[in-house]
Amino acid sequence: MEKVKSKFEKIHGLPNCCGVVDTTHITMCLSSAETNCKVWLDQERNYSMVLQAVVDADTRFMDIVTGWPGSMKESNILHSSGLFKLCEKGERLNGSKLKVSDGSEIGEYLIGDSGYPLLPWLLTPYQEKDLTESNAEFNRRHFAARTVAPRTLAKFKDTWKFLQGEMWRPDKHKLPRIIHVCCLLHNIIIDLQDTAIDGQRAASSSDHDANYRQQVCQLTDENGVRARDKLSEHLIGR
């Protein structure tokens with residue numbers, strides 16, 4: 001984890017960042033006569049299964065959860081995940097803390113887009129229109145670091161082509177295990193590469209959920225607000 005944090009700070013200037021969380025939809029073709037088919041219908045009127053993933057700066061999957069129906073929002077999937085429960089209990093993201101200028105500390109955290117709630121361990125971008133200099137700088141670094149997740153998911157779907165198009169009436173009990181195995185193989189391929197070519201990664205597509213609109217979550221935790229503000233002030237102070 002120290003290597004992961006070091007890379008996010010070196011590349012994007014975000015100290016103590018442990019990864020980026022994002023979701024993608026695996027679309028399916030289901031019969032309207034199928035039992036409970038409507039629960040799989042997502043916001044874009046596609047039948048889909050959702051994959052939530054946490055990735056590092058080298059596009060490795062660090063944590064995944066899948067099997068949830070497309071009708072669920074990003075924030076609901078997060079709250080239903082084991083990752084959320086472990087982080088809330090303090091059993092994950094509980095490593096070394098970042099000391100800031102006022103003497104306080106900022107714990108380890110993930111970053112995510114505006115579809116996620118703002119939590120002490122999950123920092124989302126500022127959504128206001130008129131931002132201070134420190135808030136704007138935070139958003140700039142946050143956005144740059146966050147792009148690794150959509151690029152990873154786009155590459156993942158491009159590699160495993162059968163996950164990219166519409167799957168014809170898949171076995172929804174087996175599909176999560178198939179996705180899980182593909183994630184493991186994705187990591188193995190990265191580990192087998194002697195050197196990672198950052199330029200090629202940066203040039204790859206990030207359109208993993210074509211025609212899907214950005215979700216927005218308004219849930220905020222007061223401790224999350226304080227952590228984000230302290231980090232923003234720390235970044236501009238440096």
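The following paragraphs lead through the strands, the nonpolar cores and the aromatic contacts of this structure.

The model is predicted, and its chain averages a pLDDT of 90, with 92% of the residues scoring at least 70. One stretch calls for caution. Over residues 195-203 the pLDDT stays under 50, and the model has 8 contacts beyond four places in sequence for this stretch.

A useful starting point is the strand β1, which spans residues 17-29. Of its 13 residues, 13 are buried, so β1 is largely enclosed by the rest of the structure. Several strands pair with β1. The strand β2 runs antiparallel to β1 and is joined to it by 9 bridges; in this pairing, V21 has V54 of β2 as its bridge partner. The strand β6 runs parallel to β1, with 2 bridges between them, and here C17 is partnered by Y109. The strand β8, residues 167-168, also pairs with β1 in the parallel sense, over 2 bridges; W168 of β8 is the bridge partner of C29. In a regular strand, side chains alternate between the two faces of the sheet.

From the strands, one may turn to the nonpolar cores. The largest of them contains 42 residues, and those with the most contacts inside it are F8, Y109, F156, L163, I179 and L231. Both helices and strands contribute to this core: among the elements that give two or more residues are α1, β1, β2, β6, α5 and α8. The largest share, 5 residues, comes from β2. Y109, already met as the partner of C17, touches residues that include C17, C18, L93, W121 and L231, leaving aside those up to four places away in sequence. A second, separate core has 13 residues, including C18, V21, V54 and L110. The bridge partners V21 and V54 are thus both found in this second core.

The aromatic residues supply a further set of contacts. How many aromatic pairs does the structure hold? There are 3. One of them joins F61 and F156 in an edge-to-face arrangement, with 5.2 Å from centre to centre and 85 degrees between the planes. Because F61 lies in strand β3 and F156 in helix α5, this pair ties together parts that are 95 residues apart in sequence. F61 has a relative accessibility of 7% and therefore counts as buried; F156, at 0%, likewise counts as buried.

A final contact involves a charge and a ring. The charged end of R228 sits over the ring of Y126, 3.9 Å from the centre of that ring.

Key. Residues numbered from 1 in each chain as written. Predicted model: local features only at pLDDT ≥ 70, side-chain atom pairs only at ≥ 80, totals over all residues. Heavy atoms only, no water. Core = buried A, V, L, I, M, F, W, Y, C linked by side-chain atoms within 4.5 Å. Buried < 20%, exposed > 50% of the residue type's maximum accessible area, 1.4 Å probe, protein only. Helix = DSSP H or I, 4+ residues; strand = E, 2+ residues; numbered from the N terminus. Contact = heavy atoms within 4.5 Å. pLDDT = per-residue confidence, 0-100. Pairing = 2+ DSSP bridges. Phe/Tyr/Trp six-rings, centres within 6.5 Å; stacked < 30°, edge-to-face > 60°. Lys NZ or Arg CZ within 6 Å of the ring centre and 35° of its normal.
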